[in-house]
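Reader: I'd like a close look at one small part of this model, and then how that part fits into the rest of the chain. Could you walk me through it?

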Amino acid sequence: MNKDKLLARVSALGFAMHEYRLFCDTHPDNAEALELLNSYKKKYQLAKEEYEKQFGPLTLNGYNSDEWLQDPWPWENNAD
């Protein structure tokens, strides 16, 4: 999977995980929602690990790297 598609997947899974977490905060006895939350957590973690393995860390999480400086800045992309 290319970098943009994988990052979009990580973002979508993170969003879904966050939304289910909010729902579970207000519906703590909903077993189906809790199951879906745990499912999205696992999928998010796997997608995040895959992205970081291929393209580097998404967050610092103990890393002190300047790899992100090597990528082009948004205004440096040549949109034809």
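Reader: Leaving aside its neighbours within four places in sequence, which residues is threonine 59 in contact with?

Author: Happy to, with one thing up front: this is a predicted model. Once you set aside the neighbours within four places in sequence, threonine 59 is in contact with Lys48 and Glu52. Threonine 59 itself sits in the segment after helix 2, and its relative accessibility is 37%, so it counts as partly exposed.

Now look at those two partners. Lysine 48 and glutamate 52 are both in helix 2, four residues apart, which is about one turn of the helix. Why does that spacing suit a pair? An α-helix has 3.6 residues a turn, so residues three or four places apart point the same way. Here the side chains of lysine 48 and glutamate 52 meet in a salt bridge, at 3.3 Å from N to O. So threonine 59 touches both members of a salt-bridged pair.

Lysine 48 deserves a second glance. Its relative accessibility is 10%, and since buried means under 20%, lysine 48 counts as buried. Lysine 48 has company in helix 2, where Ala33, Leu37, Tyr44, Ala47 and Tyr51 are buried too. These buried residues of helix 2 pack against helix 1.

As for helix 2 as a whole, it runs over 31–55. Its 25 residues should span 36 Å at 1.5 Å a residue, and the end C-alpha atoms are indeed 36 Å apart, so the two values agree.

Next, the packing between the helices. The largest nonpolar core has six residues: Leu6, Val10, Leu13, Tyr44, Ala47 and Tyr51. Helix 1, covering 3–26, and helix 2 each put at least two residues into this core. As a general backdrop, nonpolar side chains in soluble globular proteins tend to be buried together. Tyrosine 44 is a handy residue to click on: not counting residues up to four places away in sequence, it touches Val10, Leu13, Gly14 and Met17.

How many salt bridges are there in total? The count comes to two. Besides the pair that threonine 59 touches, there is one between the side chains of aspartate 25 and arginine 21, again at 3.3 Å from N to O. Both of these residues lie in helix 1, four residues apart, or about one turn. Aspartate 25 has 46% relative accessibility and so counts as partly exposed. Arginine 21, at 44%, counts as partly exposed as well. Lysine 48, by contrast, counts as buried because its value is 10%.

If you carry on along the segment after helix 2, you get to leucine 69. Leucine 69 is partly exposed, because its relative accessibility is 40%. Together with Trp73 and Trp75, Leu69 forms a nonpolar patch on the surface, with about 370 Å² of accessible area among the three.

Finally, zoom out. The chain's secondary structure comes to two helices and zero strands. Of its 80 residues, 16% are buried. The accessible surface comes to about 6600 Å², and carbon and sulfur atoms account for 53% of that. Among contacts between residues at least 6 apart in sequence, 56% join residues at least 24 apart.

How values were computed
Residues numbered from 1 in each chain as written. Predicted model: local features only at pLDDT ≥ 70, side-chain atom pairs only at ≥ 80, totals over all residues. Heavy atoms only, no water. Patch = residues over 30% accessible without salt bridge, like charges linked within 9 Å, V, L, I, M, F, W, Y side chains within 5 Å. Areas by Shrake-Rupley, 256 points an atom, 1.4 Å probe, with all protein chains shown as cover. Salt bridge = Lys/Arg side-chain N within 4 Å of Asp/Glu carboxyl O. Buried < 20%, exposed > 50% of the residue type's maximum accessible area, 1.4 Å probe, protein only. Core = buried A, V, L, I, M, F, W, Y, C linked by side-chain atoms within 4.5 Å. Contact = heavy atoms within 4.5 Å. Expected span 1.5 Å × (residues − 1).
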